[in-house]
Amino acid sequence: MLLQDTALIYGRYLRQSLRSRIALLFGVLTPLLYLLFFGPLLTDLPLGGQGSSWQVLVPGLLLQLGLFGALFAGFLIIIEKSQGVVERMRVTPVSRLALLLGRVLRDATVFVFQAVLLVLAAVAMGLRAPLTGILIGFAFVALLTVSLASLSYALAMKVRTPQEFGPLINAVSMPSMLLSGLMLPMTLGPAWLDVLSHLMPLRYLVDAVRDAYVGSYTTPHMLYGAVVAVALAGLAVTVGTRVFRTSGA
């Protein structure tokens with residue numbers, strides 16, 4: 001029943017996304033602009049890591065796509081609450097876990113699709129990376145999306161208006177972007193900033209994907225990134241499910 005319920009919810013929200021093709025394509029616009037206008041500035045610059053500047057920048061942009069997209073996914077719940085959709089779901093026998101999983105799996109599908117478009121554009125601009133590394137990057141995008149979308153939906157169930165939700169998400173997203181080294185490796189900064197960045201879970205995912213893009217699959221960065229990504233996804237889904245159950249969604 002859980003699988004059937006999840007597939008039902010997933011299909012419902014995926015069809016909504018497919019009907020809004022403009023939103024689907026514009027979701028990748030911001031990382032694409034970084035790629036087009038910021039990427040060429042880094043060409044041939046020593047960035048303190050292995051590989052080319054594209055192998056440093058593109059992994060960060062992929063995870064940036066998941067970071068900002070998934071964190072703001074909760075706005076949909078707020079809209080549904082105002083339209084009575086959540087209230088109608090309360091009287092159905094659908095699993096509360098399925099209500100969460102269906103949503104976050106739809107988000108993961110959308111953002112992986114957008115990540116594919118971003119990588120194709122990067123390849124056209126000069127990115128060269130092993131196929132295995134690119135696929136590993138997509139897996140990390142999916143795990144990050146599941147984690148952050150689950151937490152975003154849980155938070156959205158607790159707030160009443162978009163005016164409350166937006167500032168809270170901004171308070172999380174900006175430090176996460178700045179301290180995780182999405183744009184440039186944190187090793188380029190002062191030692192204290194590099195140490196502080198290790199408190200940010202996203203840092204480990206960024207380092208892992210950058211290693212994957214240069215073909216290094218057995219490094220400590222890869223191990224730490226995989227452990228953090230899986231643990232964060234499990235914790236976030238657990239928290240999200242509990243909130244959905246207690247909130248009667």
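# A tour of helix packing

H1 and H7 meet in a right-handed crossing, with H1 passing H7. This is a predicted model. To see the crossing, select residues 2-19 for helix H1 and residues 96-125 for helix H7. The axes of H1 and H7 come within 7 Å and cross at roughly 45°. That angle makes H1 oblique to H7. On the H1 side, the contact is made by Leu2, Asp5, Thr6, Ile9, Tyr10, Tyr13, Leu14 and Ser17. On the H7 side, the residues include Leu97, Ala98, Leu101, Leu105 and Val110.

**Stop at Ala98**

Next, pick out Ala98, which is found in H7. Is Ala98 buried or exposed? Ala98 counts as buried, because its relative accessibility is 0%. Show what surrounds it: leaving out residues up to four places away in sequence, Ala98 touches Leu2, Asp5, Thr6 and Ile9. These four also belong to the H1 side of the contact with H7. Then draw a distance from the C-alpha atom of Ala98 to that of Leu3; the separation is 7.6 Å, although the two residues are 95 apart along the chain.

**Move to H4 and H9**

Hide the first pair and select residues 53-71, which form helix H4, together with residues 162-179, which form helix H9. How are H4 and H9 oriented to each other? Their axes are 10 Å apart and the packing angle is about 165°, so H4 and H9 are roughly antiparallel. H4 passes H9 in a right-handed crossing. Colour the residues that meet: Gln64, Leu67, Phe68 and Leu71 come from H4, and Phe165, Ile169, Val172, Ser173, Met174, Ser176 and Met177 come from H9.

**Two serines**

Stay on H9 and select Ser176, whose place is in that helix. Ser176 counts as buried because its relative accessibility is 10%. Its side chain reaches the backbone oxygen of Val172 at 2.7 Å. Apart from neighbours within four places in sequence, Ser176 is in contact with Leu67, Met200 and Leu202.

Now step along to Ser180, in the loop between H9 and helix H10 (191-197). At 1% relative accessibility, Ser180 is also counted as buried. Two backbone oxygens can be picked out around its side chain: a polar atom there lies 2.6 Å from the oxygen of Ser176 and a polar atom lies 3.4 Å from the oxygen of Met177. Beyond four places in sequence, Ser180 touches Met186, Met200, Leu202, Arg203 and Val206.

**Finish at Leu202 and H11**

Leu202 has appeared in the contacts of Ser176 and Ser180, so select Leu202 next. Which residues does Leu202 touch, not counting residues up to four places away in sequence? They are Leu63, Leu67, Leu144, Ser176, Ser180 and Leu182. The largest nonpolar core has 69 residues, and within it Leu63 and Leu202 touch the most other members. Nonpolar side chains tend to be buried together in soluble globular proteins.

To place these two residues, show H4 again with helix H11, residues 201-213. The axes of H4 and H11 are 9 Å apart, and the helices pack at an angle of about 135°; H4 and H11 are therefore oblique to each other. Their crossing is right-handed. Leu63 is one of the H4 residues in this contact, along with Gln55, Val56, Val58, Pro59, Gly60, Leu62 and Leu67. From H11, the residues to select are Leu202, Leu205, Val206, Val209, Arg210 and Tyr213.

Key. Residues numbered from 1 in each chain as written. Predicted model: local features only at pLDDT ≥ 70, side-chain atom pairs only at ≥ 80, totals over all residues. Heavy atoms only, no water. Buried < 20%, exposed > 50% of the residue type's maximum accessible area, 1.4 Å probe, protein only. Polar contact = N/O pair within 3.5 Å; in protein donor to acceptor, adjacent residues only side chain to side chain. Contact = heavy atoms within 4.5 Å. Core = buried A, V, L, I, M, F, W, Y, C linked by side-chain atoms within 4.5 Å. Axes fitted to C-alpha atoms, helices over the stretch in contact; angles between N-to-C directions. Parallel < 35°, antiparallel > 145°, perpendicular 65-115°, else oblique. Left-handed = near helix turned anticlockwise from the far one by under 90°.
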